[in-house]
Amino acid sequence: MDWYILALFSALLSAVAAILQKKVLFNISALRFSLIVSGFIAILSTFLINFSSFNSLNLLSFSILLFKSIINAAAFLCIMTALKNLEISRTLPVLAASPMLIALLAFIFMGESLKPVEVFGMFFIVAGTFILELNVNENIFYPLKTFVKSKYHRIVLLALLLISISSVLDKLLLTNFKLPPLTFLVIQNFFFLLTFTIFWMINRSKPGNEMLFSGIKFSSLILIFIIAVFTIGYRWLQFESVKIAPVGLVISIKRLSVLFAVVLGAKIFKEANYFRKVIAATLIVTGALMIYED
């Protein structure tokens, strides 16, 4: 199957998962949700072990995968924290800027050139972000102040940085170390569970963290299980795509999930300034698609 079809289906599953995550996070903390969903994902992953090949795994690739998984788990927790406390249309579009950050990192540290279309795409991303955060009668520099002063906006920016680093390591493991996507996925899922368990134990003393399943409705657990299934699906499809195509290109297509989630999620959750936010998300995703568009 062509890589862009895999990436597109990954985007669709990711969008649905994001909407369900927002719904569940109304009644549960971000860390508790992350641990429970990672537990479900790890359980489901046990059925995939027999289909995985560990022949290409060595100490170095194992260590990089562990490091990468910790970074990715931290990014996931940041996203869930922001998603719980911000509107879905203010959280996800900023994450679509990851191709821009990947391109800048490659330009700074690897000496890769930036094409005019990629630079133009970055302007689209910046413009979309400003439109997303700028309200009527506000100073044009208000979005900058928002990202400086708002705790949850800074968390989104941290998640963006961590995701960009993680995406580069994905490509390294899948191409240079020839790690099979399914094997990559299974091991990473268990590392996620380990990471979130450690995070939970560290935060165990805080109010509300005493009992993992305390006060959680059965219907919420069903939704979390569905999210776990969708998460395994979109991660596996993304890894299969990255194995075939440039990581920046795959992530760009994957970021269509942002547009899908904003168009559907903002309407479902009745968020204000709906059309302005859809336009802003469209600009950001368009800019992302222009980067590595060839």
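In the predicted model, Thr231 is buried, with a relative accessible area of 2%. This residue is placed in helix H10, which spans residues 218-244. The C-alpha atom of Thr231 is separated by 9.6 Å from that of Ser38, although the two residues stand 193 residues apart along the chain. Thr231 also belongs to the set of H10 residues that make the contact with helix H2.

The packing of H2 and H10 was examined next. The axes of these two helices are 9 Å apart and form an angle of about 60 degrees. An angle of this value is neither under 35 degrees nor within 65 to 115 degrees, and H2 is therefore oblique to H10. The crossing in which H2 passes H10 is right-handed. On the H2 side, the contact is made by Phe33, Ile36, Val37, Phe40, Ile41, Leu44 and Ser45. On the H10 side, the contributing residues are Leu221, Ile224, Phe225, Ile227, Ala228, Val229, Thr231, Ile232 and Arg235. Divided by class, the contact of H2 with H10 holds 13 nonpolar, two polar and one charged residues.

Helix H2, formed by residues 30-45, also packs against helix H3, formed by residues 59-85. The axes of H2 and H3 come within 9 Å and cross at roughly 130 degrees; the two helices are therefore oblique to each other. Here too the crossing is right-handed. Ala30, Leu31, Phe33, Ser34 and Val37 of H2 meet Phe76, Leu77, Met80, Thr81 and Lys84 of H3 in this contact. Seven nonpolar, two polar and one charged residues make up the contact of H2 with H3. Phe33 and Val37 are thus named in the contact with H3 and in the contact with H10. For Val37, when neighbours within four places in sequence are left aside, the residues in contact are Phe76, Ile224, Ile227 and Ala228.

H3 is further packed against helix H1, which comprises residues 3-24. The axes of H1 and H3 come within 9 Å and cross at roughly 60 degrees, an arrangement that makes H1 oblique to H3. This crossing is right-handed. Ala18, Gln21 and Lys22 of H1 form the contact together with Phe76, Met80, Leu83 and Lys84 of H3. By class, the residues of the contact of H1 with H3 comprise four nonpolar, one polar and two charged. Phe76, Met80 and Lys84 of H3 accordingly appear in the contact with H1 as well as in the contact with H2.

Helix H1 also contains Ala17, which is buried at a relative accessible area of 1%. Apart from neighbours within four places in sequence, Ala17 is in contact with Ile227, Phe230 and Tyr234. The C-alpha atoms of Ala17 and Val229 are separated by 9.1 Å, with their positions 212 residues apart along the chain. Ile227 is likewise among the residues in contact with Val37.

These local features can be set against the organisation of the whole chain. In soluble globular proteins, nonpolar side chains tend to be buried together. The largest nonpolar core of the model has 87 residues, of which Ile28, Phe33, Val37, Met80, Phe196 and Ile224 touch the most other members. The largest share of this core, twelve residues, is supplied by H3. Of the 294 residues of the chain, 53% count as buried. The secondary structure comes to 13 helices and zero strands. Among contacts between residues at least 6 apart in sequence, 85% join residues at least 24 apart.

Two lysines in loops were examined for their backbone geometry. Lys178 is situated between helix H8 (151-176) and helix H9 (181-202), and its phi is near 55 degrees, a positive value in a residue other than glycine. Lys178 has a relative accessibility of 60% and therefore counts as exposed, the cut-off being over 50%. Lys270 is located in the loop between helix H12 (256-268) and helix H13 (274-290). A positive phi of about 55 degrees is found for Lys270, although this residue is not a glycine. Lys270 is exposed as well, with a relative accessible area of 75%.

Terms used: Residues numbered from 1 in each chain as written. Predicted model: local features only at pLDDT ≥ 70, side-chain atom pairs only at ≥ 80, totals over all residues. Heavy atoms only, no water. Axes fitted to C-alpha atoms, helices over the stretch in contact; angles between N-to-C directions. Helix = DSSP H or I, 4+ residues; strand = E, 2+ residues; numbered from the N terminus. Parallel < 35°, antiparallel > 145°, perpendicular 65-115°, else oblique. Left-handed = near helix turned anticlockwise from the far one by under 90°. Contact = heavy atoms within 4.5 Å. Nonpolar A, V, L, I, M, F, W, Y, C, P; charged D, E, K, R; others polar. Core = buried A, V, L, I, M, F, W, Y, C linked by side-chain atoms within 4.5 Å. Buried < 20%, exposed > 50% of the residue type's maximum accessible area, 1.4 Å probe, protein only.
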